[in-house]
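Me: I have a model open on my screen and would like to learn how to read it. Could you take me through it step by step?

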Amino acid sequence: MRIAALGDIHGNYAALKAALHRIESENARVTLFMGDYVSDCAEPRETLDLIAQYAKTHDCRFVRGNREQYMLDYRGDGSWRRGTAGGSLLYTYERLTGHDLAFFESMPRVRVERFGDCPPLLMCHGSPENLRGVPAREPDRARKWLEEAGAGVLICAHSHRPAVMPLGGGRTLVNTGSAGVSVTRPSHAQLALLDGENGRWTARLIEEPYDAEEAIRAFYEKGFFEEAGLWADMMARQLREGGEWAVDMVRAAMKLAREAGITSGLVGDIPESLWRQAAQSLAGCNANDQ
């Protein structure tokens, strides 16, 4: 049987459409959704509606990502403001419904799925212990998590870096990459396919082209640039060029903040003027060199 897995959609509706079309063309029997469905791009509403529509006619399994956790934790907080630091998150939150938040809350952080006579699959967004974990950086622990779960394949996302990594003992780590904001292959939606046969899984990585300019047009049409500040600028650049422009800007802004005597370590405390300086410092850089 064939299983599809995708995550890190980040509200990129155009990319999600391409990814789901590819999954249907591959005749996958089950689709695993690996978290981070919203934030960073301009169409969280359309993205969630498409996922809900798809789930009505397809066998889908979901886990929660750190972005869904952010949305759940924000209820009653009110600390996000329009602008670079929190505007993208606030933009997303204001477009969610109570049903969306209940959907996020229903998602486990970790789940084990069994299909036929193949080894069980261990699903998580980051790692089984941390929504922002990166198992590829700690293969010994990844192998331990699999052993404890009695599973053969650890499927994760979060890092936006697709990989199939043998862990020894017949166990494998699969990172699906990012369906919505690839850092390694711009204008492509990344996902993984797993084929189960004769008691074993074989994984392959897919990069499906999509129209990044369609996604960026939505930034203009839906006011995302105005609400998310320079974060939206960096995300548009990532969609076109790949790389990690938004993360690089955060690092540069945090450094400028420390130099200015802002020591809280909170991005919300960084004034817009320092965000502008940080973005300007990256203007002529190659994102992969940061």
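**Reading the model, feature by feature**

Reply: Happily! Let us start with one residue: aspartate 40 is buried, because its relative accessible area is 5%, and buried means under 20%. Please keep in mind that this is a predicted model.

Me: Where does aspartate 40 lie?

Reply: Aspartate 40 belongs to the loop between strand 2 and helix 2.

Me: And with which side chain does the side chain of aspartate 40 make a polar contact?

Reply: The partner is the side chain of tryptophan 231, at 2.9 Å. Keep tryptophan 231 in mind, as Trp231 will come back when we turn to pockets.

Me: Is aspartate 36 buried or exposed?

Reply: Aspartate 36 counts as buried, because its relative accessibility is 2%. This residue, too, is found in the loop between strand 2 and helix 2. Look at its backbone as well: phi of aspartate 36 is near 60 degrees, a positive value in a residue other than glycine.

Me: What is phi of serine 187 near?

Reply: For serine 187, phi is near 65 degrees, again positive in a residue other than glycine. You will find serine 187 in the loop between strand 8 (171-175) and strand 9. Serine 187 is classed as partly exposed because its relative accessible area is 24%.

Me: Now for the strands. How do side chains sit in a regular strand?

Reply: In a regular strand, side chains alternate between the two faces of the sheet. Strand 2 (residues 30-33) lets you see both sides: Val30 and Leu32 are on one, Thr31 and Phe33 on the other, and all are buried. Both faces of strand 2 are thus covered.

Me: How many residues of strand 1 are buried?

Reply: Four of the five residues in strand 1 are buried, which leaves that strand mostly covered.

Me: In which sense do strand 1 and strand 2 pair?

Reply: Strand 1 (residues 2-6) and strand 2 are parallel, with four bridges between them. To trace the pairing, begin at isoleucine 3, whose bridge partner in strand 2 is valine 30. Then go to leucine 6, which stands opposite phenylalanine 33 in strand 2. Between these two strands the chain passes through helix 1 (residues 13-25), and the β-α-β crossover is right-handed.

Me: What about strand 2 and strand 3: in which sense do they pair?

Reply: Strand 2 and strand 3 (residues 59-62) are also parallel, and four bridges link them. Phenylalanine 33 has phenylalanine 62 of strand 3 as its bridge partner. Here the chain goes by way of helix 2 (residues 44-57), and this crossover is right-handed too.

Me: Which way do strand 1 and strand 9 run?

Reply: Strand 1 and strand 9 (residues 188-197) run antiparallel, joined by four bridges. A good place to look is alanine 4, whose bridge partner in strand 9 is leucine 193.

Me: Let us move to pockets. What shows where empty space is left?

Reply: The idea is to roll a probe the size of a water molecule over the atoms. In this model, the largest pocket has a volume of about 1400 Å³. Its lining has 46 residues, and those nearest its centre are Arg67, Tyr70, Arg132, Trp231 and Val247.

Me: Which elements give two or more residues to that lining?

Reply: They are helix 3 (66-74), helix 4 (87-93), helix 9 (230-241), helix 10 (245-259) and helix 11 (272-281). Helix 3 provides the largest share, five residues. By class, the lining of the largest pocket has 19 nonpolar, 14 polar and 13 charged residues.

Me: Where is the place of valine 247?

Reply: Valine 247 sits in helix 10. It is partly exposed, because its relative accessible area is 35%. Valine 247 and tryptophan 231 are 16 residues apart in sequence, and their C-alpha atoms are 9.4 Å apart in space.

Me: What volume has the second largest pocket?

Reply: The second largest pocket has a volume of about 160 Å³. Among its lining residues are Pro119, Val164, Leu194 and Trp201. Strand 10 (residues 200-209) gives the most to this lining, with four residues. By class, you will find six nonpolar, four polar and one charged residues there.

Technical notes:
Residues numbered from 1 in each chain as written. Predicted model: local features only at pLDDT ≥ 70, side-chain atom pairs only at ≥ 80, totals over all residues. Heavy atoms only, no water. 1 Å grid on protein atoms, 1.4 Å probe; cavity = no way out; pocket = protein on both sides within 12 Å on 5 of 7 lines; lining within 4 Å. Points joined across faces, edges and corners; volume = space filled by probe spheres on them. Nonpolar A, V, L, I, M, F, W, Y, C, P; charged D, E, K, R; others polar. Buried < 20%, exposed > 50% of the residue type's maximum accessible area, 1.4 Å probe, protein only. Pairing = 2+ DSSP bridges. Right-handed = clockwise from strand over helix to strand, strands pointing away. Polar contact = N/O pair within 3.5 Å; in protein donor to acceptor, adjacent residues only side chain to side chain.
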